[in-house]
Each structure stands twice: as C-alpha cells, then as structure tokens.
Amino acid sequence: KMQWRNDTRELAKAMLQWVLTNKFMRLFKDADLVHYDGAGMEFLGFAAAKAARKCGKPFLVQPSVHIGQWGHLPVDLEFFRLADGFLAHSEVENHYLKCVTDGRVPIHLVYNGIDDILEGNGERFRAKHQIQGRMVLYLGRKEEDKGYFLTRQAFQRIQLHMPDIQLVCAGPGEGLPSAEKILELSYITEQDKADALAACEFVCV
C-alpha cells in the first residue's frame, strides 16, 4: 500500500531495493541479460535494474503499456529510463517508448500473435458447447478497454441480419451473463483456446 501514497512512495522503493537487490544479484550472476516484464509501480523493477547494473548485465524491459491505464505514470517513466532496451508489441507502444526515452534506448518490436503450438479441433469445441452455424469468438479480458462490451453490443445488431450466428466470449473478468446465442466462458485451457480458434469464423481480440 505504501507505493500508492505520495508521502511513502520513495520509502517503499528504497526498502524494496534494500531487501531485494542482493537476492537478485545472486539470481542474475549466470544470466546473459535480465528481462523484466512490467512497469515502474511494482518497484520490483528498480531493484532488478540496480542488481543488473551491479552484475554488468543488460536490462531489457517489456512494459506492455496501456496508454492512460498502465505504464504512463511519472514513476513508470522514471523506471523506463533505467532500461538498456525495450521489447514492444505494437507500433503505438514503440512510438510511445521512443518519445518517453527521447529515442536513446533501442526498442525491439515483436508483434503479438496466436501461439500455434497446439493443433485446434473445432468440431470438438462445437460439440462440447453445442454450437451450430457461424461462430464469433471474443478472446481476452472482459473489460471495456479490451472491447468486450462493444463486441456484445455489436453482436446484437449482427444477430438481426444473421440469425444463425453465435458469439462465444472466453476470458477472465466480470462479464455479462450468457444470453440467447451468446456463450460466456471464463478461464479456458490452452487446448480449449486452440479448439475455439479452430471452430470460429471470426475472432475478436
């Protein structure tokens, strides 16, 4: 809780560095580089950056910025300036990180994609959930900024013109209840994800 209060934030950061830096150094001693996934508000990154610097290891940050929601606070920008490099997932994130670091830190752009390790069986998914006709799959957290509610609204309009179509929403979060032609699923296995992707005609991410 100390990290969320302006009057205790610097103390929280210093305490975590004091407790964790030496432990991280022991973990990093045989590494080629340190890959940190996160932004500045957890404060673990400050200790990890300090330990990497002491060990002489490159410090790569993967912030997964959601502009306006995650990775945009002053403490995040302070943390980003400690990085030796970034891993970005979109052109928007790439541009944002270039701006906040004045282009002085290399950025490696690696787009997100669908993991193609598992073979999907669409018929198995359709049989399991009794789905017939065309299927739209929403895959992601059930939150407004992920487009979940917009997808539900859009689907109601689509149903008027395509009565045989069905929507499947899979992902964590406080979603709306299932309705006619709308199936709500929470966490599903990686195999179920692969099956759902094989089963659908359209995917919304």
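**Surroundings of A52 and a parallel four-stranded sheet**

Leaving aside residues up to four places away in sequence, A52 is in contact with F28, V34, K57 and F59. The model examined here is a predicted one. Within it, A52 belongs to helix α2, which covers residues 44–55. The relative accessible area of A52 is 0%, so this residue counts as buried, the cut-off being under 20%. A further point of reference is A31: although A52 and A31 lie 21 residues apart along the chain, their C-alpha atoms are separated by 9.6 Å.

Moving on to the strands, a good place to start is an open sheet of four, in which the order reads β7-β6-β5-β8 and the pairing is parallel. Its edges are formed by β7 (182–185) and β8 (202–204), each of which pairs on one side only. On average, and with direction ignored, neighbouring strands of this sheet are turned by 15 degrees against each other.

One pairing in the sheet can be followed down to single residues. Three bridges join β8 in the parallel sense to strand β5, which spans residues 135–139. Here L137 is found opposite V203 of β8.

Two helices lie across strands of the sheet. Helix α6, made up of residues 148–161, lies across β5, β6 (166–170), β7 and β8, and it runs at about 170 degrees to β6. Helix α7, comprising residues 190–199, lies across β5 and β8. The angle between α7 and β5 is about 145 degrees. Strands β5 and β8, which pair with one another, thus have α6 lying across them, and α7 as well.

Methods:
Residues numbered from 1 in each chain as written. Predicted model: local features only at pLDDT ≥ 70, side-chain atom pairs only at ≥ 80, totals over all residues. Heavy atoms only, no water. Pairing = 2+ DSSP bridges. Axes fitted to C-alpha atoms, helices over the stretch in contact; angles between N-to-C directions. Contact = heavy atoms within 4.5 Å. Buried < 20%, exposed > 50% of the residue type's maximum accessible area, 1.4 Å probe, protein only.
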